[in-house]
Amino acid sequence: MYAPEAEKSVRLFLKYGLVSDPWQAAARGHPTLDPDLESTLRAVVNEIASEPLDRLVLDSWPITQAQIETGIREVLLSSGSFDAYLATGSLTLTAASLHEAIRRVRLLVREGGLARLMLGYGYTALVENLMAVRHYGSMREEDFVSGRLHRPWVSRSLEYELAAGMAVGHYELVPGVDGRFVKLTRRGAALWRDAQELWRVTGYADTRHRLSMMAEFANLADLDELTNLILPDFMDMRRAFINDCDIPAGAKLLEVGSGSGMLTFDAGLYDTLRPSSLTCVDPSPVLTGLAMKKAKRRHAQGVRFVRGVAESLPFPPESFDHALAFAVMQYTDREQALPELYRVLRPGGSVAISVPLDLPALHQTVMQRWFKPLQRPSYGSFVFVSPDDIPEHALAAGFRVLSVSTKTTSLDYSRPELTVRIMMQFHVFQDTLSALPYQARLDLRDDLIGRGRYLLSRGADMRFEAPMQWVWLQKP
Ligand SMILES: C[S@@+](CC[C@H](N)C(=O)[O-])C[C@H]1O[C@@H](n2cnc3c(N)ncnc32)[C@H](O)[C@@H]1O
């Protein structure tokens, strides 16, 4: 059983919207800092690092003052860069995003103390380390310390983390043929199991996935091409969705997760529904850029693009008549996103939602064979939603559920590179993938592409039917 202090700390980390290590991996880059902001950052790190440290909360973690400073700096940088990314599309910290991160870190420290900030941060780093040693069985000492296989985004040496982990009995160093190897002790293995449980109960795992997913969409400049190849009927489904949603012309519309504008412009939402105004919200700067080009080419009037997420819509209450979200809600935290939709709609307003449901037949056949190296090929709730999910969250938010129906669309998995890329990029097998270190995920990708090609060469049929759920809601 993990320490209750660890749970409290991770919960506080999430409560104040702080992010750490894995976000940087997802963003595939290091946050950069304007030299002018460096002195602000340094002063704040010193100020927070001088707060009293409750050693009881830390249990036996032998943390040093230097490590505390590094930790605070990393949390501020990664949380600030995440905020900056949402606002500007770039990882470069702005003064506003850094101050927002500082504000949240101070709030956490005020509520829980410095030790809990360190424990929250420490856990995110610790988990990556434990996961890597567990996965490889034994890791060359140089690999652990350089982070080459499991934390390539961290620029400093992980020597201290190894020493600290050994001091508290999580790792041991054993001599090998050509050097020393890091292994998990029994205590370390137990801690890894506890950490996984902690991830689950606190919701940390979900947040980690959501952040990575958000970052993945920023790497998808070819989303249109990809979806047209993998989902050849999807454009027709979008058109049918628009025709069915029964929204009168002249409405003030909100489109959540508008992405590159495939529903908005390619499938004709804008032309068919003829809204008086259309607000497109999406967290991905890359996709929003593509949608803006489409709007410009069509000389679309009354359309605005806003960077944001469904979980905290940047609009006052009752701003819109109706809302639509096509193939988006599966990536969101529905517990937050549905109340947000409710808040921004006027009474009587409707929401049209389309989400992919699980793929049972597929699951049992080719995918089982193809994705066998994943051992537990179970789909995650970030890609496929259970049939009760949206209706239940909608009712809880206060909506009336007008109708729920299931449609089918075809999936074409006959290009293994694309399929594997989509599966991994969209974390389809999140349960298994999230327990793999960084490099192991890349190696697995190559292995899976090879397996897909082999299955194709043996004549496997890679075209399937996929269920999509349509839910129509109304705010009473
Ligand atoms: C599969 S695409 C669908 C895009 C578009 N609706 C379409 O019909 O093609 C999913 C979109 O959801 C966006 N997204 C991901 N997480 C989100 C969140 N938390 N809130 C709102 N949109 C999100 C992505 O950036 C991406 O543009």
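A residue is called buried if 20 or more other C-beta atoms lie within 10 Å of its own.

**View 1. Overall architecture of the predicted chain.** By this criterion, buried residues make up 42% of the 476 residues in this predicted model. The chain contains 23 helices and 10 strands. Its C-alpha trace extends over about 70 × 55 × 40 Å along the principal axes. The radius of gyration is 24 Å, which agrees with the value near 23 Å that a compact globule of 476 residues would have. Among contacts with a separation of 6 or more, 80% are between residues 24 or more positions apart.

**View 2. Surroundings of the ligand.** The ligand has 21 residues around it, and those that come nearest are F217, G257, G259, M262 and S284. Helices α11 (204-218) and α14 (262-266) each contribute at least two residues to the shell around the ligand. By residue class, the shell holds 13 nonpolar, five polar and three charged residues.

**View 3. Pairing of strands β8 and β10.** Strand β8 comprises residues 345-356, and strand β10 comprises residues 463-474. The two strands run antiparallel and are joined by seven bridges. Within this pairing, S354 stands opposite W470 of β10.

**View 4. Pairing of strands β9 and β10.** Strand β9, formed by residues 400-412, runs antiparallel to β10, with 12 bridges between them. One residue pair to locate here is K407 and its bridge partner in β10, M468. Strand β10 is thus shown in both views of strand pairing, being joined to β8 and to β9.

How values were computed:
Residues numbered from 1 in each chain as written. Predicted model: local features only at pLDDT ≥ 70, side-chain atom pairs only at ≥ 80, totals over all residues. Near = placed C-beta within 6 Å. Helix = DSSP H or I, 4+ residues; strand = E, 2+ residues; numbered from the N terminus. Nonpolar A, V, L, I, M, F, W, Y, C, P; charged D, E, K, R; others polar. Rg over C-alpha atoms; globule rule 2.2 N^0.38 Å. Buried ≥ 20, exposed ≤ 12 C-beta atoms within 10 Å, placed from the backbone. Contact = placed C-beta atoms within 7 Å. Pairing = 2+ DSSP bridges.
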